[in-house]
Amino acid sequence: MKNFEHFYNLIQTYKDFDAIVDKGVVYSYNDIIEKIFEFEQTLAGSDIKDDNLISISSSMSFDSICLFLCLCKLQKIIIPISEISKNKKKHFQKISNAESEMFFENGELKIHKLKTNLDYHEYYKEIFKRKVSGLVVFSSGSTGDNKAAVHD
């Protein structure tokens with residue numbers, strides 16, 4: 001969390017600068033801060049618990065980047081699944097033990113609970129214990145089944 005706090009404080013000092021261009025629209029760092037706050041409010045009103053494994057199913061966009069940063073700020077373990085991997089989405093969610101899925105539908109954030117095995121892997125438990133965010137990435141599966149790796 002310490003590293004993310006440093007990053008978040010840093011972007012606040014550049015709030016009037018351009019940060020992201022998405023579909024021809026230029027967003028400032030202040031726009032990112034505002035969108036992170038908006039997502040925080042949405043998640044505060046949801047039933048997402050503190051220790052939660054969250055799958056983000058989205059293409060790369062301003063909203064998805066801000067959602068990712070919001071989940072980092074909230075110390076969640078994030079399982080990003082790109083549009084390219086959508087045919088393996090359920091498989092990735094299963095092997096990573098994702099508990100919730102977040103995606104955008106007509107520009108609105110949607111949250112779905114997933115059926116999952118609530119027996120967390122030791123790596124997840126360690127990340128939760130240290131109160132940091134986590135990132136789950138997948139191998140290409142070139143030598144067999146895709147494998148998940150978790151990073152803090």
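This is a short group-meeting talk on the strands, helices and a few individual residues of one predicted model.

Hi everyone, thanks for coming. Please keep in mind throughout that we are looking at a predicted model.

Let's start with the sheet. It is an open one, built from 6 strands in the order β6-β5-β3-β4-β7-β8, and its pairing is mixed. At the edges sit β6 and β8, the latter covering residues 148-151, and each of these two pairs on one side only. On average, neighbouring strands in this sheet are turned by 25° against each other, ignoring direction. As a reminder for the students, strands of a sheet pair through backbone hydrogen bonds, and they do so either parallel or antiparallel.

Now let's walk through some of the pairs. β5 and β6 are antiparallel, with 6 bridges between them. If you want a residue to click on there, take Phe 104, whose bridge partner in β6 is Leu 109. Moving on to β4 and β7, we find a parallel pair with 2 bridges, and here Ile 77 stands opposite Gly 134 of β7. On to β7 and β8: this pair is antiparallel, over 4 bridges, and Val 137 has Ala 149 in β8 as its bridge partner.

While we are on β7, which way do its side chains point? They alternate: Gly 134, Val 136 and Phe 138 point to one face and are buried, whereas Leu 135 and Val 137 point to the other face and are not buried.

What lies across this sheet? Helix α3 does, crossing β3, β4, β5, β6 and β7, and it runs at about 150° to β5.

Next, one residue within the sheet: Ser 57, which belongs to strand β3, residues 53-57. Is Ser 57 buried or exposed? Its relative accessibility is 12%, and the cut-off for buried is under 20%, so Ser 57 counts as buried. The side chain of Ser 57 makes a polar contact of 3.0 Å with the side chain of Glu 101. Beyond its neighbours within four places in sequence, Ser 57 touches a number of residues, including Ile 81, Lys 89, Gln 93, Met 102 and Phe 103.

Let's turn to the helices, beginning with α5, residues 122-130. Its buried residues are Tyr 124, Ile 127 and Phe 128. They cover an arc of only 100° around the axis, so they fall on the same side of α5. That buried set packs against β3, β4, α4, β7 and β8. And what does the face turned away from the buried side carry? There we find the exposed residues Glu 122, Tyr 123 and Lys 129.

Helix α2 spans residues 29-44, which makes 16 residues. From first C-alpha to last it reaches 23 Å, close to the 22 Å expected at 1.5 Å a residue. Buried in α2 are Ile 32, Ile 33, Lys 35, Ile 36, Phe 39, Glu 40 and Leu 43. Their arc around the axis is only 165°, which means they lie on the same side of α2. I'd also point you to the N-terminal end of α2, which is capped by Ser 28: a side-chain oxygen of Ser 28 lies 3.3 Å from the backbone nitrogen of Asn 30.

Just before that helix, have a look at β1, residues 18-22, and β2, residues 25-28, which run antiparallel and are joined by 4 bridges. Ile 20 has Tyr 27 in β2 as its bridge partner. The two strands form a hairpin with 2 residues between them, and Lys 23, in the turn, has a positive phi of about 55°.

That brings me to my last topic, backbone angles. Most residues other than glycine have a negative phi. Besides Lys 23, where else does the model show a positive phi? Gln 75 is one place, at about 60° and not a glycine. Gln 75 lies in the loop between α3 and β4, and it is partly exposed, with a relative accessible area of 23%. Asn 106, also not a glycine, has a positive phi of about 55°. It sits in the loop between β5 and β6 and counts as exposed, at 82% relative accessibility. Finally, Lys 131, just after α5, takes a positive phi of about 55°.

That's everything from me, and I'm happy to take questions!

How values were computed. Residues are numbered from 1 along each chain as its sequence is written. This is a predicted model: local features need pLDDT of at least 70, side-chain atom pairs count only at pLDDT 80 or more; totals for chains, interfaces and linings use all residues. Side-chain values use heavy atoms; hydrogens and water are left out. Buried means under 20% relative accessible area, exposed over 50%, partly exposed in between (1.4 Å probe, protein chains only). A polar contact is a pair of N or O atoms within 3.5 Å; within protein, one must be able to donate a hydrogen and the other to accept it, and residues adjacent in sequence count only if both atoms are side-chain atoms. Contact means heavy atoms within 4.5 Å. Two strands pair if DSSP finds at least two bridges between them. Axes are lines fitted to C-alpha atoms, for helices over the stretch in contact, and angles run from 0 to 180 degrees between N-to-C directions. The arc is that of the directions from the helix axis to the C-beta atoms. The expected span of a helix is 1.5 Å times one less than its number of residues.
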